[in-house]
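I am opening a fresh page for a structure I have not met before. Come along while I look things up.

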Amino acid sequence: MPTSSPAPIPTQQPGVVMAAAYADGRRVSDVDIGEAGEWAHRPGHLVWIGLYEPSADLLGQVQAQFGLHPLAIEDAKAAHQRPKLERYGDCMFVVSRTAQLVEGRIALGETHLFVGRGFVVTVRHGASVSYKPAREKAEACPKLLAHGEDYILYAVLDFIVDNYAPVMETVLAEVEAIEDRILRRELRQDEVERLYLLRRDLLRLRTAVVPLVEVCRKLEHGDLVAIDDVMQPLFRDVSDHLLRVQDEIDAVREVLAFAFEASLMLGQAQQTGITRRLAAWAAILAVPTAIAGIYGMNFEYMPELKWRYGYFMVLGGIVAVCSVLYWRFRRSGWL
């Protein structure tokens, strides 16, 4: 039977990031997965376990310790879930999506949370930063952490939403740089492709953010589970942050659409200018071509061929007509 006194950090198995027990908002011991259930059942104690891409065997151990529903465990094994909030008996299962920039692209990951009486289990998949800062922040405020599972759930969701901000700031800076280049020159092929990729990534991020708003609203109003009255305004704050992120995504996607359209219009305008210049030069060159064609027909009776100054008159006429055409095209902006 575990005690409430601090214990040496146990040897963690692969997939376990942290596993600790808390009492009255203070960390009292690191625990083994095999003892987590015993700690969770102690009065006034709370177990917080963090997993990263755990194996099926590890999830099975966690399920046995806390009596988690098999359907929730099946969802936690697959990292392709939509953000949602479900209740299985006394346990709440929350799915959220994380975002991180990986080699210039927005990579999405997932975090699954099991929240029950006396325990919180977070399961991370894919692109995601460590939740160590969120844990340290929570441990630094024992009074808030004493609210138990509700506060840990808030701390994790708030950390996830806060990490959308640097992603959006980086994307916005790149979009503004692309906008500035559009005003100076036509975009290259790779830059146009980058516009398309950014817009597609933002659409994927939006599909991750929007459902999470509904999850936080359910937590705020306690639709599925009873949430501490003190915690409800905190979930409302997370909802507000998500709505701001959603507005930023929509605004940046609109800017990208304008930038893409502006690039296309500038390209079309440049092509139109080139077409006009080619047409103008073709019209000018058509004059000597036509005259040369007439006198190259080799008819026997062509009076002009016998003129002494016919050659110079034809050349003069060609130069005069071409000069007038050039002046007219230049005046109209075609050359």
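These are my entries, from the overall picture down to single residues.

**Entry 1: the whole chain.** I noted first that this is a predicted model. I counted up the secondary structure and found ten helices and seven strands in the protein. Next I looked up burial: of the 335 residues, 43% count as buried. I also checked how far along the sequence the contacts reach. Among contacts with a separation of 6 or more, 63% join residues 24 or more positions apart.

**Entry 2: the cores.** Which residues have the most contacts inside the largest nonpolar core? I found L153, Y164, L205, L219 and L242, in a core of 56 residues. Helix 8, residues 189–221, gives the most to this core, with eleven residues. Apart from it I found another core, of 29 residues, and V16, L59, Y88 and V95 are among them. A general remark for the margin: in soluble globular proteins, nonpolar side chains tend to be buried together.

**Entry 3: Y164 up close.** I picked Y164 from the largest core and listed its partners, leaving aside neighbours within four places in sequence. Y164 is in contact with R97, T98 and A99, with L205, V209 and L212, and with L242 and V245.

**Entry 4: two helices that cross.** I turned to helix 4 (residues 132–139) and helix 6 (residues 149–162), whose axes come within 9 Å and cross at roughly 140°. That angle makes helix 4 oblique to helix 6. The crossing of the two is right-handed. Where they meet, helix 4 brings P133, A134, K137 and A138, while helix 6 brings Y151, A155, D158 and F159. I sorted the residues of this contact into six nonpolar, no polar and two charged.

**Entry 5: H241.** I found H241 in helix 9, which covers residues 232–294. Is H241 buried or exposed? Its relative accessibility is 18%, so H241 counts as buried, the cut-off being under 20%. Beyond its neighbours within four places in sequence, H241 is in contact with D158, V161 and D162. I recognised D158 from the meeting of helix 4 and helix 6.

**Entry 6: V123.** My last stop was strand 7 (residues 119–126), where V123 has its place. V123 counts as buried because its relative accessibility is 0%. I looked up a partner from elsewhere in the sequence: V123 and E53 are 70 residues apart in sequence, yet 6.9 Å apart in space, C-alpha to C-alpha. Not counting residues up to four places away, V123 touches L51, P54, L59 and A76, as well as E110, T111, H112 and F114. L59 was already on my page, as one of the residues in the 29-residue core.

Notes: Residues numbered from 1 in each chain as written. Predicted model: local features only at pLDDT ≥ 70, side-chain atom pairs only at ≥ 80, totals over all residues. Heavy atoms only, no water. Core = buried A, V, L, I, M, F, W, Y, C linked by side-chain atoms within 4.5 Å. Buried < 20%, exposed > 50% of the residue type's maximum accessible area, 1.4 Å probe, protein only. Helix = DSSP H or I, 4+ residues; strand = E, 2+ residues; numbered from the N terminus. Contact = heavy atoms within 4.5 Å. Axes fitted to C-alpha atoms, helices over the stretch in contact; angles between N-to-C directions. Parallel < 35°, antiparallel > 145°, perpendicular 65-115°, else oblique. Left-handed = near helix turned anticlockwise from the far one by under 90°. Nonpolar A, V, L, I, M, F, W, Y, C, P; charged D, E, K, R; others polar.
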